[in-house]
Amino acid sequence: MLKEFKEFAMRGNVLDMAVGIIIGGAFGTIVKSLVADVIMPPIGLLLGGVDFSDLFVTLKEGTVAGPYATLANAQEAGAVVISYGVFINAVISFLIVAFAVFLLIRSVNKLQREKEAEPAPKEATNKECPKCFSTILIKATRCPHCTSEIA
């Protein structure tokens with residue numbers, strides 16, 4: 001059983017998938033940081049100093065009565081909240097990842113189309129009879145038109 005598992009784990013597809021998952025996780029972390037630390041602060045500044053990660057709606061107050069200045073304060077108090085600002089950040093992160101995957105797939109498809117567009121060199125199937133110059137099969141030993149023998 002251990003030997004079978006080793007063979008399964010060392011297959012090319014499984015290793016490729018593992019590498020893809022690891023790279024994808026790292027890419028997701030980079031995109032999350034890009035959204036939270038680079039993209040959203042200028043957008044929040046343009047909208048009057050809004051921090052999207054602190055946008056929330058209180059559904060039920062916690063042990064300490066609100067209003068709560070930040071999402072962290074509301075969560076510490078045990079308030080039930082809808083954190084739509086965090087959701088907006090997640091949607092933007094998803095759109096960036098989806099766009100990057102789209103660009104990757106688009107370039108791979110373009111390379112495949114170019115590869116398919118190149119015609120494979122055709123193997124000759126016909127030849128010309130040296131006596132009557134008609135087209136005959138390459139394997140023919142006698143011309144069907146003039147009946148001469150072909151070397």
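Is Ser93 buried or exposed? I took this up as my opening entry, keeping in mind that the model is predicted, and I found Ser93 to be buried, its relative accessible area being 14%.

I then looked up where Ser93 sits along the chain, and it falls in helix H4, which covers residues 84-117. Setting aside the neighbours within four places in sequence, I noted that Ser93 is in contact with Val31, Lys32 and Val35.

Next I turned to the annotation, and the unreviewed UniProt entry places the feature "transmembrane region" at residues 12-31 and 81-105. For residues 81-105 I checked the secondary structure and found the chain to be 88% helix and 8% strand, with the end C-alpha atoms 38 Å apart.

My last entries concern the cysteines. I searched the whole structure for disulfides and came away with 0. Why is Cys132 not bonded to Cys143? The cysteine sulfur closest to that of Cys132 belongs to Cys143 and lies 3.6 Å away, which is too far for a bond, since a disulfide is counted here when the two sulfur atoms are within 2.5 Å. Looking from the other side, I recorded that Cys143 is in no disulfide, with the sulfur of Cys132 as the nearest cysteine sulfur.

I also compared how the two residues are placed with respect to the surface: Cys132 counts as partly exposed at 31% relative accessibility, whereas Cys143 is buried, with a relative accessible area of 2%.

Note on methods: Residues are numbered from 1 along each chain as its sequence is written. This is a predicted model: local features need pLDDT of at least 70, side-chain atom pairs count only at pLDDT 80 or more; totals for chains, interfaces and linings use all residues. Side-chain values use heavy atoms; hydrogens and water are left out. UniProt positions are given in the numbering used here, feature names are shortened, and annotations may be inferred rather than shown by experiment. Helices (H or I, at least four residues) and strands (E, at least two) are DSSP runs, numbered from the N terminus. Buried means under 20% relative accessible area, exposed over 50%, partly exposed in between (1.4 Å probe, protein chains only). Contact means heavy atoms within 4.5 Å.
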